[in-house]
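Student: Could you take me on a close look at one pocket of this protein? I am new to the structure, so please explain the terms as you go.

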Amino acid sequence: MKEQRVNLKTIAWNTMEKYGFIPRFSSEVIHETNSLTPEHHIKIKKGVKDLRGLLWSSIDNWDSEDLDQIEFVKEGSDGEIHVKIAISDVDHYVTKRSHIDKHAGYNGTSVYPGIITFHMLPDRLCKGISSLLPGQDCYAIIIEYTVLPDGEVRHGNIYRGVVRNKAKLVYEEIGDWFESNIPVPAIVTETEGLKKQLELQNEAAMRLRAHRRRQGALDLETLEAEVVSDGETVTDLVIQKQNAARCLIEEFMVAANGTMAVFLENAGLPMIHRVVRVPKYWEEIRLVAAKFGEKLPVHPDAKSLSSFLTKQREADPERFPDLSLTVVKLMGSGEYVPYIPGKKPIGHFALAVADYTHGTAPNRRYVDLIIQRLIKSVLLGTKTPYNIRELDAKAEWLSGREKAANKVERFMRKSVAAMLLKPRIDEVFEGFVTGASEKGTYVRLINPPAEGRVMQKESGLKVGQKVMVKLLKTDPYNGHIDFEFLHDMGKV
């Protein structure tokens, strides 16, 4: 009998519902969205700057259409680099307590299982009206800061503006160019001034990154497999590699989020901070480091941990992602907490920053829309849209929604891997032991980047071992992949 085809889209929909999401937009949300009228010719109002003449550009995934931010830099005096980040003014279209807003606030985030994307906002909004796509005038919130020669940030102004994206760029292409792997991309050479603009952006990002590393920002790399799909069928799982272009956007957004947090603090407004607490399991992190011959201090110290991780990345890049994942689990995940200006902030241990929020992705994350509304209330001189009790409730809810989204995405990666490996039963693969405890022994394959459980001959295996395993069974509906241990790579 012919085996029934695995329907990954159905699995994705069911998984969303299992973890408490509402994957479908209601008729009220659709009606509200269809009633929106985009302004094709935006008139510049009082308090809104016309910045359409600047050479704005975006860098994102090749298939991304829900663009939240665009960037522009210029040289200042004494080696300074002035940065402008434009964030889509999603609040202009999504008003508080509207049906769209309630749906977005409930789900809390866009979810990316791979075969299908569950956007926080309807496509007409996040991939159209409120997206900073090239060739259209858009309302935006502009964040300014200056990168000093040593990489320190001097926070600047925040104000409203109208912008136009001049070039939609792709992480892989720009990253390969920055790293001298390919010639200057055609879109860069064809857009006057863009090459110099991007080189200056890269210089600013490298300064920011070096400065944060000196402050103790952690050099972590967990392997996130990306689903390769044509929209209907899945053909592969590939590792999304960090590169210079991704680093650029990461550094620019860290600085922009810090600038927003400082802006709201100076205005005396309660807000939501993004935090990673000082590790509760520091002693366990010390024990992990000791296995590699590294002695970390008795009390949590980001600089020492950062130095250890950097050494291990250079010494053993193949096993480094698994070490990173272990450290991440022991540190604890990021969360949202309410913050009242004047109080001592919890800080973000992994980023080595104290005042930090999430406000650069309002098309994709609801907390960013909250931060945007708070900023706009300052700019417009209106009453703050959220009191501290609301922010407390929102922070707790959105922390939970983020964890649920991660579970959906993690399960779907396992489901996709199980489906791709289904025709390869009895094949032999190389991998690393990533877990060995009473709960089970797990191996991460090198290619494809899939993880499964060793169900036979697992006794005695230790984390970090490079092994050969045979594929016994897969179950895409439950995300299970079962292996038999064959031999250690040092014992053929």
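Student: Which helices and strands each supply at least two residues of the lining of the second largest pocket?

Tutor: Three elements do so: strand β6 (153-163) and the helices α7 (194-215) and α8 (244-266). Helices (H or I, at least four residues) and strands (E, at least two) are DSSP runs numbered from the N terminus. Before going on, please note that this is a predicted model, where local features need pLDDT of at least 70, side-chain atom pairs count only at pLDDT 80 or more, and totals for chains, interfaces and linings use all residues. Residues are numbered from 1 along each chain as its sequence is written, and side-chain values use heavy atoms, leaving out hydrogens and water.

The second largest pocket holds about 340 Å³ of space. Its lining has 17 residues, and V153, H155, H211, R212 and V353 are the closest to the centre. (A pocket is an open set of points on a 1 Å grid over the protein atoms alone, where a 1.4 Å probe fits, with protein on both sides within 12 Å along at least five of seven lines; lining residues have an atom within 4 Å of a point.) The biggest contributor to this lining is α8, with five residues. Sorted by type, the lining has eight nonpolar residues, five polar ones and four charged ones. (Asp, Glu, Lys and Arg count as charged; Ala, Val, Leu, Ile, Met, Phe, Trp, Tyr, Cys and Pro as nonpolar; the others as polar.)

Beyond the pocket, look at the aromatic rings, which make five pairs. (Rings of Phe, Tyr and Trp, the last by its six-membered ring, pair with centres within 6.5 Å; planes under 30 degrees apart are stacked, over 60 edge-to-face, the rest tilted.) One of the pairs, W13 with F118, is edge-to-face, with 5.0 Å between centres and 90 degrees between planes. W13 sits in helix α1 (residues 8-18) and F118 in the loop between α3 (99-107) and α4 (123-129), so this pair ties together parts 105 residues apart in sequence. W13 is partly exposed, at 23% relative accessible area, while F118 is buried at 6%. (Buried means under 20%, exposed over 50%, partly exposed in between, using a 1.4 Å probe and protein chains only.)

Another pair, Y106 with W397, is tilted, at 5.3 Å and 45 degrees. Here helix α3, home of Y106, is linked to helix α13 (residues 388-421), home of W397, across 291 residues. Both rings belong to partly exposed residues: Y106 has 33% relative accessibility and W397 has 36%.

Methods
Grid points are joined across faces, edges and corners, and a volume is the space filled by probe spheres set on the points.
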